[in-house]
Amino acid sequence: MSDTSQPRLALTDLSKTYDGSTPVLDGISLTVGAGEFFSIVGPSGAGKTTLLRCLTGLMRPTDGQVTLDGIPLSEPSPKMSLVFQEYTRSLMPWASIGKNVALPLRARGVPRAERTSRVAKVLAEVGLSGVEAKYPWQLSGGMQQRVAIARALVTEPEVLVMDEPFASVDAQTRMDLEDLTRRLQQDHRMTIVLVTHDIDEAVYLSDQIAVLSKNPARLVEVVDVPLGAERDQIHTREMSTFADLRGRILRTIRDVQTQPV
Amino acid sequence: MSEATSTLLWRPTGGVKLRQVGLAAAGFVVWLGLWQWMTTTGPMADTDGLPTASRTLSSTLELAGSSQLWSSLGTTLWLVAIALAFAVVAGIAAGVAMGFSPVVSALLDPISQVLRPIPAVVWLPLLLMVLGPAPELGIAMGFLGGVWAVLVQAQVGVRDIDPVILETSRAMCLPRRLTLSTIVLPSAVPYFATGIRISAAFILMLVIGAGILGGAPGLGQLILVAQQTGDPARVFGLVLWSGLLGLTFNSILTAGEALLRQHRGGR
Ligand SMILES: Nc1ncnc2c1ncn2[C@@H]1O[C@H](COP(=O)(O)OP(=O)(O)OP(=O)(O)O)[C@@H](O)[C@H]1O
Ligand SMILES: [Mg+2]
């Protein structure tokens, strides 16, 4: 396989059980191409976070393997960044925003002066210029979420993995953060893996969507989203393709949920 | 009292405070009055070694002008500070190591389980034989009484760290050393503070105790000498000064801890 056609991220036959008997993930195989916006949708409690923890190397799957650029992944890679579902808890309340965002750079041995300038740059990118000296608990939920995103972006990762990042902000902030994420992906040619249980959000943002079932989580289907590179919160959501895809995915999820296991 | 001033006094904010101060003062007056009555005309009059309230009060005030009191207070505080410094360094180092590394925990936990329940005063005869009535006696007693609170709090603090933030540090590929210095230690700081506050109270008690029981220098020794020279009013006065010292000491530590928590948005 040549370098250009090799998928950035590949999961092969991934299975996971926490207690040794009940499978949470069951034989999931999928590939994510470089520069793709890839979403994973599934009902609450399906195992989406479990899947993300396996594919970022935070947790060993019980079976199967994950490769990043063709290399098997057994621990978190510096090429990848993760935005946690519990983003408020993932920020350090005792450290200023500047220190929070700079931490992954310290881990990579980036000198102080460069850290400062890169932190300022990435905070500006997420629309939070000049908050370096503030503390996380002094910011609103949406702003904290931007800080978490900025911290993930500051290392200029090749792959950004996000776990329901917009679940707990208001509708307007949510749209802003969606557009911000999409724009950053385009600007940096990043690969994004996004977990969400909001089908509309998945269709609006993604190039491809993987639909998971529950108990255990299996890959039901992977849906292509031919909505083009430019997305707009009003126009894109009015397109008939958008409505078709949305309906198709919702129907798929309803079907697998009513099917006997 | 006119109608206007009385309603002013009973206003919720300032009024309640004034009322509390008034009640507290009344409590003291009743206590001292009862004491004075008991020891002059009441059932405990002329009991040997029991000073009257008025003599105790005048002796307490007299002590305020005595350079001996102030130098003893200084010595006691100095010994407490040294013992506390040792207890904090040793307690945090051991507690963090035990909380962070299962191997260290398996190694040290049994020892700590055996030594911790021994009441610190029990060490006094042994230490007195080894050290004599020296400053080191106070420091050693204080250390033995205070180190456990810090150690236990440090251990709990490290184990109580939010798993999300630990996982975040793994996802960021932080090396262990950075995880310890930027995540684990800062996250446990409130626990350290609680440990230090509890420990400091123990240490103050034991440093003074080492003076009274073992003749180690400081306030305790001053009380011992007053007792040996048969001056109960002076003993009582010194007891009140010890109480005042403990109260001040504890208020400062509690305020420091509150300030620290405030600085972290209540976390
Ligand atoms: N550490 C764990 N130990 C044991 N069971 C777990 C653990 N983490 C998750 N589970 C179980 O695995 C299943 C999937 O959980 P997971 O958090 O992956 O779901 P999710 O799809 O992310 O849910 P949500 O949409 O609510 O975030 C659940 O039944 C959960 O109880
Ligand atoms: Mg989840």
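Let's start with T60(B) and its contacts. Beyond its neighbours within four places in sequence, T60(B) touches G237(B), L240(B) and W241(B). Keep in mind that this is a predicted model. T60(B) sits in helix α3 of chain B, which runs over residues 53–64. Is T60(B) buried or exposed? Its relative accessibility is 12%. The cut-off for buried is under 20%, so T60(B) counts as buried.

Staying with chain B, here is a record. UniProt, in an unreviewed entry, lists residues 73–257 of chain B as "domain: ABC transmembrane type-1". In the model, that span is 86% helix and 0% strand. The C-alpha atoms at its two ends lie 24 Å apart.

Now chain A, and ligand 1. Which residues surround ligand 1? Going along the chain, we have Y18(A) and V24(A). Then comes a run: S44(A), G45(A), A46(A), G47(A), K48(A), T49(A) and T50(A). Q85(A) and E164(A) complete the shell. By class, that shell has 3 nonpolar, 6 polar and 2 charged residues.

Three side chains deserve a closer look. For K48(A), a side-chain N or O atom is 2.8 Å from an oxygen atom of ligand 1. For T50(A), the corresponding distance to a ligand oxygen is 2.5 Å. For Q85(A), it is 2.9 Å. How much of ligand 1 does the protein cover? On its own, ligand 1 has 640 Å² of accessible area, and the protein covers 57% of that.

Which element gives the largest share of the shell? That is helix α1 of chain A, residues 48–55, with 3 residues. Look at the helix itself. α1(A) is mostly covered, with 6 of its 8 residues buried. The buried ones are K48(A), T50(A), L51(A), L52(A), C54(A) and L55(A). So K48(A) and T50(A) appear twice in this story. Both are in the ligand shell, and both are buried in α1(A). After the helix comes G57(A), with a positive phi near 85 degrees.

Last stop, Q145(A). Q145(A) lies in helix α5 of chain A, residues 141–153. Its relative accessibility is 0%, so Q145(A) counts as buried. What does Q145(A) contact, leaving aside neighbours within four places in sequence? The list is V83(A), Y87(A), P165(A), F166(A) and L177(A).

To recap: T60(B) is buried at 12%, Q145(A) is buried at 0%, and α1(A) brings 3 residues to the shell around ligand 1.

Key: Residues numbered from 1 in each chain as written. Chains lettered and ligands numbered in written order. Predicted model: local features only at pLDDT ≥ 70, side-chain atom pairs only at ≥ 80, totals over all residues. Heavy atoms only, no water. Near = heavy atom within 4 Å. Polar contact = N/O pair within 3.5 Å; in protein donor to acceptor, adjacent residues only side chain to side chain. Areas by Shrake-Rupley, 256 points an atom, 1.4 Å probe, with all protein chains shown as cover. Helix = DSSP H or I, 4+ residues; strand = E, 2+ residues; numbered from the N terminus. Nonpolar A, V, L, I, M, F, W, Y, C, P; charged D, E, K, R; others polar. Buried < 20%, exposed > 50% of the residue type's maximum accessible area, 1.4 Å probe, protein only. Contact = heavy atoms within 4.5 Å. UniProt positions renumbered as here; feature names shortened; annotations may be inferred.
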